[in-house]
Amino acid sequence: MGQPTASRGRAAPATLGKAMLNKYARAFFTRVLTPFAAFLIRRGVSPDTVTLIGTAGVMAGALVFYPRGEFFWGTVVITLFVFSDLVDGNMARQLGRTSRWGAFLDSTLDRVADGAIFGGFALWYAGGGDDLVLCAVSIFCLASGQVVSYTKARGESIGLPVAVNGLVERAERLVISLVAAGLAGLHAFGVPGIDVLLPIALWLVAVGSLITLIQRVVTVRRESAEAEAAERPNADNASQGRETAK
């Protein structure tokens, strides 16, 4: 999926490299998808409908194909529906309907889609893939991705900026995993040895997600301490004012 929170809600801070990539990639896809978004608007389709259909498509691609080891076709289906995040944001901007609800819905369904993708990997390795270690790694990728997102949302909810993106965010997790899965699926077409790419990708995502989680926890702890230190003089001044009044 894309970055719906940025397109239908408030954008998160990004590093320079990610910001540049996001800028040019988004500009390209905006030009390509704007006519299609306008067509859907004329047909009376809402951005929320596109979001729901896109998530359903990703879930179908992940949970129908991946547990059977059909990684190539599963990735093709997921990729087709991934662009729904860019389409719904484009539609919302054309309609002038960017809203907190749209950002909330996108972010919530992103978590559902991520769970389906890594859940599909876990089901494969628990069954036909016959590798309980990689099943556990897939489950860790699923859980850590959810927690990484939660740490930022929770930190912001208590008034902290959480001014860090981390090593492996959602976009990186999906690109690494889906590209590796798609290429690994070519093994079914006779390409030898390429199926090793998916296990490598899952380990990379697991380690990267752990590092990102640590980065965000450390950032929240530092920002929390700074905020409390800044509030302390104000509290002391207020207390002194009350004593003087007495």
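This report walks through the helices, one pocket and a few single residues of a predicted model.

**Ground rules.** Since the model is predicted, local features need pLDDT of at least 70 and side-chain atom pairs count only at pLDDT 80 or more, while totals for chains, interfaces and linings use all residues. Residues are numbered from 1 along each chain as its sequence is written, and side-chain values use heavy atoms, with hydrogens and water left out.

**The chain overall.** You're looking at nine helices and zero strands, where helices are DSSP runs of H or I with at least four residues, strands are runs of E with at least two, and numbering starts at the N terminus. Of the 246 residues, 39% are buried; that label means under 20% relative accessible area, with exposed over 50% and partly exposed in between (1.4 Å probe, protein chains only). The chain exposes about 13,200 Å², and carbon and sulfur atoms supply 68% of that area. Accessible areas come from the Shrake-Rupley method with a 1.4 Å probe, and for residues only the protein chains shown count as cover. A contact means heavy atoms within 4.5 Å. Among contacts between residues at least 6 apart in sequence, 80% join residues at least 24 apart.

**Two helices, checked for length.** The expected span of a helix is 1.5 Å times one less than its number of residues. Here is how that works out for α5 and α8:

| Helix | Residues | Expected span | Distance between end C-alpha atoms |
|---|---|---|---|
| α5 | 84-95 | 16 Å | 16 Å |
| α8 | 170-184 | 21 Å | 21 Å |

Nine of the twelve residues of α5 are buried, so the helix is largely enclosed by the rest of the structure. Among those buried residues are Ser84, Val87 and Met91. Just after α5 comes Gly96, with a positive phi near 70°. In α8, the buried residues include Arg170, Arg173, Leu174 and Ala184.

**The second largest pocket.** Its volume is about 150 Å³. A pocket, on a 1 Å grid over the protein atoms alone, is an open set of points where a 1.4 Å probe fits, with protein on both sides within 12 Å along at least five of seven lines; lining residues have an atom within 4 Å of a point. Grid points are joined across faces, edges and corners, and the volume is the space filled by probe spheres set on the points. Phe36, Leu40, Val50, Phe81, Ser84 and Val87 are among the lining residues. Two or more lining residues come from each of α2 (16-42), α3 (47-65), α4 (71-82) and α5, and α3 gives the most, with three. The lining has eight nonpolar, two polar and no charged residues. In that scheme Ala, Val, Leu, Ile, Met, Phe, Trp, Tyr, Cys and Pro are nonpolar, Asp, Glu, Lys and Arg are charged, and the others, Gly among them, are polar.

**Two odd phi values.** Most residues other than glycine have a negative phi. Asp130, in the loop between α6 (100-126) and α7 (132-157), has a positive phi near 50°. Val162 is not a glycine either, and its phi is positive at about 50°; this residue lies in the loop between α7 and α8. Asp130 is exposed, at 67% relative accessible area, whereas Val162 is buried at 0%.

**A cysteine in α7.** Cys135 is found in helix α7 and counts as buried at 10% relative accessibility. Leaving out residues up to four places away in sequence, Cys135 touches Ala122, Tyr125 and Ala126. Its C-alpha atom is 9.8 Å from that of Leu202, 67 residues apart along the chain.
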